[in-house]
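Morning. I have one model to go through, and I will keep to helix packing, the chain interface and salt bridges.

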Amino acid sequence: MRIDKISMKNYRQFRDVKIEFNKSTGKDLHVIIATNATGKTNLLNAINWCLYEEEPNMSEKTMQLPRLNMETVGVASDGAKERVEIEVTTTTTDGASIIFTRWEEYEIQKDDEQEPKCLPRDRRFQVAYFDEKKNPKLVTDQEAQDYVNRFVPRNLREFFFFDGERLESYFHTLTGDQIRAAVFEISQVDKVQGMEEHLEEVVKDLQKAAGRKSPQLDEIYQQIQEKTSEHKDMKNKLEKLEREMIVAKDKVEELDDKLRNIPNIAALEGERAKLIEEKGNKKAIFDEKIKKRRDLLFEYGKILKLYPSLQRATEIIQVMVESKEIPQTYDAKLLDNILSTRLCICDRIFDEGSPPEKAVQKVRDEITISSDVARKLIDMQSSLGNLQQKADEFDNTIKSITSDINLCSGDLERIQERIDDIGSTIGSHNVELIGQLYKERENFQQITEDNNRHIGILEVEAKDLTKQLEATILEFNKASEKAGIQEELRRDIDFGQAALSKITEIKNEIMDRVRKQIEDEAKNYFFDLVWKKETFKDAYIDHNYILHLIHKQGYECVGSLSQSERQLLALSMVLSLHVVSGYDSPILVDSPVGRVDEEQRGNFADVLSRVSSNKQIILLCLPVEYSKELRTVFESSASSQRHLELLGNQLELTVKEVLQ
Amino acid sequence: MPERIFIDKEDRSFYEKAKKENTLNFQNKNQKDQFLLAVAIGFDNKQKREIKTKEEFFYDFDLRPEDTALLNAVALYEGSTVDIIDDDKKVFDIAQQYASAGIRILCDTIDNVQFGEFDKHFEKDLVNAYRKLFESSKT
C-alpha cells in the first residue's frame with residue numbers, strides 16, 4: 001500500500017496544499033526539504049491527525065497555536081465557520097484506491113479586545129473506497145477506523161511514521177516494551193490471551209464450586225488463590241525490576257558515552273588535594289635543606305677563611321713536636337723553683353755553681369716555652385686536625401646538599417606542574433555538571449546492581465512459590481477425590497487446568513515464533529544493508545525485545561556502533577516489523593539522517609534508496625541534512641524532490657518542485 | 001674570672017643588619033658564632049679595626065675547644081712568638097679587631113650583592129678558596 005497524495009486545507013501552515021507522490025523512477029522515494037519552523041514536522045503530524053486524530057510530534061510553540069490556519073482565521077469574519085481538512089489518498093497493492101479524510105469545523109469568534117477564538121463545532125472521519133463491484137463506498141466511525149488499522153494499526157504507527165530521532169531511541173527499553181506490544185499485535189495473541197483469561201476464570205469457578213463441598217477444600221482453594229495472586233505479583237515485580245535494570249544499564253551506557261572524553265573531576269580533585277599535601281611536605285624538606293646549606297656555609301666560612309692560620313699553627317706545632325719542645329717532659333716552673341731555692345726534689349740543698357745546679361740549669365735552658373703555652377699548643381693540635389679535616393670535606397658536603405636541594409626543587413616543580421595541569425583541566429569544564437553526571441551514573445549503576453540482586457532473590461522465591469502452588473493444586477485434587485467430589489466436577493477441573501497450561505504454552509510459543517521471525521528478518525536486512533559486512537557476526541533479539549549485535553570477535557558491540565550503524569540496525573528492525581506484520585505500508589521519516597555523521601550519510605542514503613525499490617519512503621529533511629552526500633544518491637534515484645517554503649506572511653506554505 | 005669578649009659599640013648596628021638580612025641564617029646563630037664569622041671575614045680580607053668604645057658581646061666560657069683553637073691560630077699567625085697564646089687578652093684583642101672590620105665587610109657585601117643572591121655569592125667565594133687551598137696542593 002502506498003500514499004498517492006496528501007491534501008491539506010487550513011491545517012496549521014498548510015492553508016491549501018496538495019502533495020502528490022508519483023512513482024516516476026524505479027524507486028518509490030520522495031524527498032521534501034524544509035527549514036525548521038516551516039512545517040516539515042507538521043506534515044508528519046498531519047498524517048497522524050488524519051488517521052489517528054493525534055499529533056504526536058508537536059513542538060511546545062505549535063501546541064499553543066490553534067489547528068486552524070492563522071491566515072484563514074485572520075481574514076475570516078466574526079461567526080464564520082472554517083474547516084481543517086486532511087485527505088490521504090492511498091492505493092493498495094492490487095490497485096484499489098482508499099481515501100482517508102478527516103475534517104474538523106470551527107466557528108471563529110472575533111472580539112476587538114481579545115485574540116480570535118476558534119471553537120470546534122463539528123468533526124468527521126470517513127474512509128472512501130470502491131468495493132469488488134467498483135461501487136463507491138463511504139464508511140465512518142469504527143468501520144472507518146478498522147480501515148485505518150488495516151493500513152497501519154495504531155499500535156504500530158510509530159514504526160511507519162516517525163521522527164528520525166526515533167530510530168536512535170529504539171535502543172532504550174521503553175521502546176523494547178513497545179516492540180513487545182507490537183509483536184503482541186502482530187502475532188494476534190490477544191485472542192489467545194482472551195481465551196487464557198477466560199479459562200482461568202472457569203477453573204477458578206470450578207475450584208470454588210468444589211471448595212463449597214467441604215471447608216477443608218475451601219481452605220485449600222483459598223490458598224491456591226492466594227498463591228496464584230502472589231505468583232502474579234512476583235512475576236510483575238520481576239518484570240518491573242528487569243525493565244528498570246535495562247533502563248539503568250542503558251543510562252549508564254549513555255552517561256559513559258557522554259563522559260568518555262571528559263575527565264573524572266572528582267578523581268582529579270582528589271589527586272590535586274593529595275599533590276598539594278605532598279607539595280607542602282616537600283616544601284618543608286626543601287626549606288630544611290636550604291637552612292642546612294646556609295648553616296654549612298656559615299661553618300665552612302669560618303674554617304676556610306681562617307684556614308691559612310690553621311695551617312700555620314699546625315706547622316708551628318709540628319716543628320715543636322719534632323724538636324721535642326712539646327710535649328714538655330720537664331716542668332719549667334718546677335725547675336725555676338729548684339734553681340731559685342737550690343732545693344732539689346729529694347730535699348737536698350745544693351750549692352751555687354755546683355754540678356747539680358748546672359745540670360738543672362742546662363735542662364732549664366732547653367725549655368723555650370712556658371708549660372701553659374705548651375699545654376695550649378698540645379690542646380690545639382687535635383682541634384686543628386678536626387678543623388682541617390672538616391675543611392677538606394667541604395666540596396663533597398656542599399655538593400651533596402646542593403644535589404639534594406636540586407632534587408627537591410625538581411620534585412616541587414613537577415608537583416606544581418601537575419597541580420596547574422589539573423587546575424586548568426578542571427577550569428575548562430563545567431565541574432558541577434560533570435559532578436552531576438558522575439553522580440547520576442553512580443546512581444544508575446547502583447540501581448543495576450541492586451535490581452540484579454533483587455531479581456536473583458525473587459527468581460528463587462518465584463521458583464519456590466511455583467513449587468508450592470503445584471503442590472497445593474495437587475493437594476486440592478487429592479482432597480477433592482477424598483471428599484468424594486463428583487467425578488465430573490473433578491474431571492472438569494483437571495481438564496480446565498491442563499487446557500490453561502496448554503493455552504499459556506501456545507501463547508508463549510506464538511510470541512516466540514514471531515520474535516524469531518522478526519529477528520531473522522532484521523538480521524537479513526542488516527547484513528544486507530550494512531557497509532562493513534565483515535565486522536559483524538550475528539544479531540539476535542532477547543526476551544525483552546532488545547536487539548543485540550555480535551562482533552566477529554564474539555563480543556556484544558551495540559554500544560560501540562557508530563551513530564549511523566545504530567540507525568541502520570534500528571531501521572532493519574523497523575523493516576523487519578513491516579515484513580512480519582504483513583503491513584506493507586509506506587515509511588515516512590522526519591529528519592532521517594539528523595543523527596548520522598556526514599561521512600556515513602552517503603551509505604545511509606544508499607540503503608534508503610535500495611529499500612525504496614520495494615517500499616514507499618517519504619523523507620522530510622532539513623536543508624543542512626540534505627547535504628551533498630544525500631543529493632548525490634537521491635538526485636538520480638528519487639521520484640520527487642520538493643521544497644516547502646513559507647510565504648511572505650509566514651502563515652502559509654507553498655510547495656516547490658526541484659527540477660531534476 | 002671569665003674573660004669578656006667585646007665589640008665596638010658602633011658594630012652593634014652592623015650585627016643587627018646582618019641578622020635582619022638573615023644571610024647564612026645569621027639571626028639563628030648565637031653571638032659567639034656571629035663574632036667568629038666576622039673574625040674570619042676580617043682575617044680573609046686582611047683588615048683590622050681598632051675598637052673605640054667597647055661593648056660586651058659574650059664570655060670566653062662560651063668558646064668551645066675548636067673556637068679557642070681558631071682564635072689562637074689567628075693570634076699565632078699574627079704574633080712573632082708562640083707565647084702570644086698565653087695572653088688571652090692579646091688573643092681576644094686581635095680577634096676583636098678582625099671582627100670589627102669583618103662585620104662591616106659582611107654588611108657591605110650584603111648591600112652590593114643582588115637581593116637573594118648572597119648565599120650563592122658566598123658559596124662561590126668559599127669554592128674558590130677551597131680550590132686554591134686544596135686543589136693546588138694536590139697538583
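I will start with conventions, then take a helix pair, then the contact between two chains.

This is a predicted model, where local features need pLDDT of at least 70, side-chain atom pairs count only at pLDDT 80 or more, and totals for chains, interfaces and linings use all residues. Residues are numbered from 1 along each chain as its sequence is written, chains are lettered from A and ligands numbered from 1 in the order in which they are written, and side-chain values use heavy atoms, with hydrogens and water left out.

In chain A, the axes of helix H9, residues 265-305, and helix H14, residues 394-427, come within 8 Å and cross at roughly 160°. Helices here are DSSP runs of H or I, at least four residues, numbered from the N terminus. Axes are lines fitted to C-alpha atoms over the stretch in contact, with angles from 0 to 180 degrees between N-to-C directions. H9(A) and H14(A) are therefore roughly antiparallel, a label for angles over 145 degrees.

Within H9 of chain A, A:Asp287 forms a salt bridge with A:Lys283, closest N and O atoms 3.0 Å apart. That term means a side-chain nitrogen of Lys or Arg within 4 Å of a carboxyl oxygen of Asp or Glu. Because they are four residues apart in the helix, about one helical turn separates A:Asp287 and A:Lys283.

Now the interface. Contact, meaning heavy atoms within 4.5 Å, takes 40 residues from chain A and 40 residues from chain B. Eight salt bridges link chain A and chain B. One pairs A:Lys305 with B:Asp44, closest N and O atoms 3.1 Å apart.

Notes:
Helix = DSSP H or I, 4+ residues; strand = E, 2+ residues; numbered from the N terminus. Parallel < 35°, antiparallel > 145°, perpendicular 65-115°, else oblique.
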